[in-house]
Structure formats: C-alpha cells, structure tokens
Amino acid sequence: MTTAAGADALLGEGYRRCARITREHGTTYYWGTLLLPPERRRHVYAVYALCRLADDIVDAAGATTADRAAATAHRLRGLQDDFGEVVAGAPTTDPVLAAIGHSVRECAIPDECFDRFFGAMALDLTQSTYETWDDLLAYMDGSAAVIGEMMLPVLRPRAAGAIAPARSLGLAFQLTNFLRDVGEDLDRGRVYVPQEDLRRFGADPHARTVTPQWRELMRFELERNRALYDEADAGIPLLPGASARCVGAARTLYSRILERIEARDYDVWSGRARVPTWRKAALSARVLVLGPGRPGEVTA
C-alpha cells in the first residue's frame with residue numbers, strides 16, 4: 001500500500017524527470033516555460049514528456065521496418081493503455097506517468113485530445129508521405145494542433161476564441177520542425193513536405209542538395225509557416241500575463257529557426273538549424289522584464 005508521503009515523493013520525482021526531458025529535447029519550450037509560475041510550468045513539462053515518450057517509440061531507429069512495425073505498434077498501444085489507466089486513477093510505480101496523469105487530471109485536459117494524438121502517432125507507422133497540404137493538415141491535427149489544445153487548460157486564457165490560435169501555433173511549431181528536419185525524417189523513411197509541392201517546384205529531397213528548385217520550394221513552405229505564426233499571434237493577448245510571456249517567447253524563438261534555415265541557404269541536410277542557447281536565455285530574460293510585446297517582434 002502506497003503512503004501519502006510515498007505518492008508525493010513519486011510525483012515529485014516524476015515532475016523532475018519531465019523537466020529534464022523537456023530541457024534535453026525541447027529546449028525552446030523549456031526556456032519559454034521558465035516564464036510561467038512553477039505550479040503551471042510543471043504541467044507543460046508533463047504534457048511534453050508524454051509527447052516525447054510517444055515520439056521516441058515511433059521515431060526509434062528501424063521502428064517502421066517490416067520486421068519491427070508490429071512490435072512498435074504494440075509498444076505504442078501499451079503506452080496509450082498505461083497512460084489511460086493512470087489518468088483514470090490507477091496506481092503506478094512509474095514516476096513520469098504519475099506526473100503526466102496528475103497534470104491531465106488537475107488541468108482537466110479532455111480525453112479526446114489524447115485519442116487524436118495517439119492516432120496520429122500510430123499513423124507514422126503506416127504512412128510515410130502526404131499527397132496534399134490538406135492531407136498533411138489532417139495528420140497534424142492529432143500530432144500538432146491538438147498539442148495547442150492540450151496546453152490551453154494550463155495557460156488559462158482569459159477570453160473565448162483562444163482555441164483556433166492555439167491550434168495554429170501547434171501547427172506552426174510542427175511545420176518548422178518538418179522543414180528543419182527534412183534530412184532526419186528521410187533517414188526514417190518519411191517525407192512530410194506535401195508531394196504536390198515537390199512536383200510543383202521540381203524539388204527532390206532525396207537528392208539532399210540545395211538546388212534552385214529546392215530554394216523555391218523552401219521559400220514557399222517558409223511563407224506558409226510564417227502565415228501560421230501570424231494566425232497564432234491573435235491568441236497571445238487572450239492569455240494572462242505569465243502565459244502570454246511564455247507563449248510569446250516560445251513563438252519568437254521557434255519562428256527564428258526559419259531565419260536560421262534561410263541563413264544556411266536552405267541546406268537542411270548538413271546540420272540542424274538552431275537558435276543558440278544564449279539567445280534563448282537572453283530573450284527569456286528580456287520578456288520577463290519587458291513583457292511579450294508585439295508577437296514576433298521581441299529581440300535579444
């Protein structure tokens with residue numbers, strides 16, 4: 001029988017591990033969350049940790065090969081089942097799952113958000129390309145837009161109308177990842193850039209070469225990405241101060257990855273476009289002192 005002290009210790013260890021996972025794998029989110037009060041910050045870490053656990057399963061080396069895909073799907077279903085049981089109140093000895101379940105219950109994040117999320121993760125095991133932008137958006141509903149919806153109960157918007165911008169920000173973040181990580185996704189056998197766009201510009205990601213056609217494709221996709229960030233900006237004024245600072249910092253930092261891609265002449269194969277840690281720290285400090293300002297215009 002678990003004592004109250006034991007449960008508190010497990011929960012505390014779980015949130016510490018969730019924070020480490022976020023710091024190691026989602027540095028932009030991590031620096032943005034430092035602008036939140038600790039009691040809300042830990043919920044962001046917990047949601048991120050769940051997403052990372054699922055990502056690690058479907059993105060593991062060889063996870064989708066013919067001889068391993070079934071085992072990968074079994075692991076993913078196991079994580080979803082364990083998560084669902086913990087959220088429902090079942091005991092667990094896993095500190096990370098304990099923290100995730102606690103955050104989901106405390107913030108009352110809807111169950112259907114996680115159904116859509118796990119559905120998208122499962123799709124990564126069977127689908128490697130997307131024909132149109134609308135096809136990709138349908139996948140991103142569960143892999144990205146829904147993350148924005150999950151975060152709203154943590155960020156506590158002050159007015160209605162925050163859902164659409166939150167979804168747009170989730171889409172913007174993931175599209176930035178897709179454009180930055182073309183080479184890494186190719187290594188996993190996936191191409192997230194819509195096939196119709198590749199044909200339109202005559203660009204071939206498999207060549208792993210910056211050509212005039214590749215530059216034109218990337219300029220088009222970056223413009224699409226920036227439009228999503230612009231749509232997301234309407235939601236920042238709807239958030240209370242700490243949440244607005246957090247989201248404003250994360251939005252500015254993540255969108256700057258697009259500038260880094262441009263600075264590399266759209267070469268997304270020879271290295272990852274990154275925003276330096278010192279710049280993330282400087283921006284977070286500036287936002288903490290001056291507030292979020294107008295979205296996308298904070299400098300550091």
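These notes cover the salt bridges and helix H1 of a predicted model.

1. **Overall count.** The model is predicted, and that applies to every point below. The structure contains 24 salt bridges. Three pairs and one network are taken up here, followed by helix H1.

2. **Glu112 and Arg116.** These two side chains form a salt bridge, with 3.0 Å between the closest N and O atoms. Both residues sit in helix H6 (residues 111-123). They are four residues apart, so about one helical turn separates them. Glu112 has 39% relative accessibility and therefore counts as partly exposed.

3. **Asp141 and Arg167.** Here the N to O distance is 2.9 Å, again a salt bridge. This pair links distant parts of the chain, with the two positions 26 residues apart in numbering. Asp141 belongs to helix H7 (residues 133-155), and Arg167 belongs to helix H8 (residues 163-180). Asp141 is partly exposed because its relative accessibility is 22%; buried would need under 20%. Arg167 is partly exposed too, at 26% relative accessible area.

4. **The network.** Which residues are linked in a network of salt bridges? The members are Glu112, Arg116, Asp141, Glu149 and Arg167. The pairs of points 2 and 3 thus belong to one network.

5. **Glu216 and Arg219.** The closest N and O atoms of this salt bridge are 2.4 Å apart. Glu216 and Arg219 lie three residues apart in helix H11 (residues 212-233), so about one helical turn separates them. Glu216 is partly exposed at 39% relative accessibility. Arg219 is partly exposed as well, with a relative accessible area of 38%.

6. **Span of H1.** Helix H1 (residues 4-25) has 22 residues. At 1.5 Å a residue, H1 should span 32 Å. The end C-alpha atoms are 31 Å apart, so the model agrees with the expected span.

7. **Buried side of H1.** Which residues of H1 are buried? They are Leu11, Gly14, Tyr15, Cys18, Ala19, Ile21 and Thr22. These residues cover an arc of only 160° around the axis, so they fall on the same side of H1.

8. **Cover and opposite face.** What covers the buried residues of H1? The cover includes helix H2 (27-33), helix H3 (38-58) and helix H5 (95-107). On the face turned away from the buried side, H1 carries the exposed residues Ala5 and Glu24.

Key
Residues numbered from 1 in each chain as written. Predicted model: local features only at pLDDT ≥ 70, side-chain atom pairs only at ≥ 80, totals over all residues. Heavy atoms only, no water. Salt bridge = Lys/Arg side-chain N within 4 Å of Asp/Glu carboxyl O. Buried < 20%, exposed > 50% of the residue type's maximum accessible area, 1.4 Å probe, protein only. Expected span 1.5 Å × (residues − 1). Arc of directions from axis to C-beta. Contact = heavy atoms within 4.5 Å.
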